[in-house]
Amino acid sequence: MLTSPKSSKSGGKSARNGPKRAAIGLREVLKQSQRSAVAVVLFAADIEGAVRDKLGKLIGSITEACAESGTLVVFALTRDELSRALGKTGNISCVGLLHTAVTAVDLGPLRALMAEAYAQA
């Protein structure tokens, strides 16, 4: 289970969990993606209905920042499923896995699969 400790005084580190591993929520993911600190962004698949409302600009800003930095963007699960996977209450629309969380993971095969899917779309 990923956690996102809130610790502004310790420079993004928590004494209990070490370095911050995930940004949770649209605004936090936007901040981290603009800093190129995000390796993968997971959007809830059911957030697509929000694109038409005021969140649409925020979602667009995140995807633009990810495109500029080459960050992988994946639409998967629902908001409720993302929340349960993270052990959080409420609905979570977006999670950004920070580079500190995925340094040992080879994203090459996933990037190739996504590029193939975009080419077919």
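Trainee: What makes the contact between the side chains of Arg 84 and Asp 80 a salt bridge?

Mentor: The model is a predicted one. In it, the N to O distance between the side chains of Arg 84 and Asp 80 is 3.1 Å. The cut-off is within 4 Å, so the pair is called a salt bridge. Side chains of opposite charge can pair when their charged atoms come close.

Trainee: Where do Arg 84 and Asp 80 lie?

Mentor: Both are in helix 3, four residues apart, which is about one turn of the helix.

Trainee: Why is Arg 84 called exposed?

Mentor: Its relative accessibility is 55%. Exposed requires over 50%, so Arg 84 counts as exposed.

Trainee: And why is Asp 80 called partly exposed?

Mentor: Asp 80 has 40% relative accessibility. Buried means under 20% and exposed over 50%, so a value in between makes Asp 80 partly exposed.

Trainee: How many salt bridges does the structure hold?

Mentor: It holds three. One of them joins Asp 46 and Arg 79, with the closest N and O atoms 3.7 Å apart. That distance is within 4 Å, so the pair meets the definition.

Trainee: What does the pair of Asp 46 and Arg 79 tie together?

Mentor: Asp 46 lies in the loop between strand 4 and helix 2, and Arg 79 in helix 3, so the salt bridge ties together parts that are 33 residues apart in sequence. Asp 46 is partly exposed at 36% relative accessibility, and Arg 79 is partly exposed at 32%.

Trainee: Is Lys 20, the partner of Glu 28 in a salt bridge, buried or exposed?

Mentor: Lys 20 has a relative accessible area of 16%. The limit for buried is under 20%, so Lys 20 is buried. The closest N and O atoms of Lys 20 and Glu 28 are 2.9 Å apart, so this pair also falls within 4 Å.

Trainee: How do you know that strand 6 is largely enclosed by the rest of the structure?

Mentor: Five of the five residues of strand 6 (residues 94-98) are buried, so the strand is largely enclosed. Cys 94, Gly 96 and Leu 98 point one way, while Val 95 and Leu 97 point the other way.

Trainee: What makes strand 3 and strand 6 a pair?

Mentor: Pairing needs at least two bridges. Strand 3 (residues 22-24) and strand 6 have three, in the antiparallel sense, so they pair. Strand 4 (residues 38-43) and strand 6 run antiparallel and are joined by five bridges, so they also satisfy the criterion.

Trainee: Which residue in strand 6 is the bridge partner of Ala 23?

Mentor: Gly 96 is the partner of Ala 23, and Gly 96 is also the bridge partner of Val 41.

Methods:
Residues are numbered from 1 along each chain as its sequence is written. This is a predicted model: local features need pLDDT of at least 70, side-chain atom pairs count only at pLDDT 80 or more; totals for chains, interfaces and linings use all residues. Side-chain values use heavy atoms; hydrogens and water are left out. Buried means under 20% relative accessible area, exposed over 50%, partly exposed in between (1.4 Å probe, protein chains only). Helices (H or I, at least four residues) and strands (E, at least two) are DSSP runs, numbered from the N terminus.
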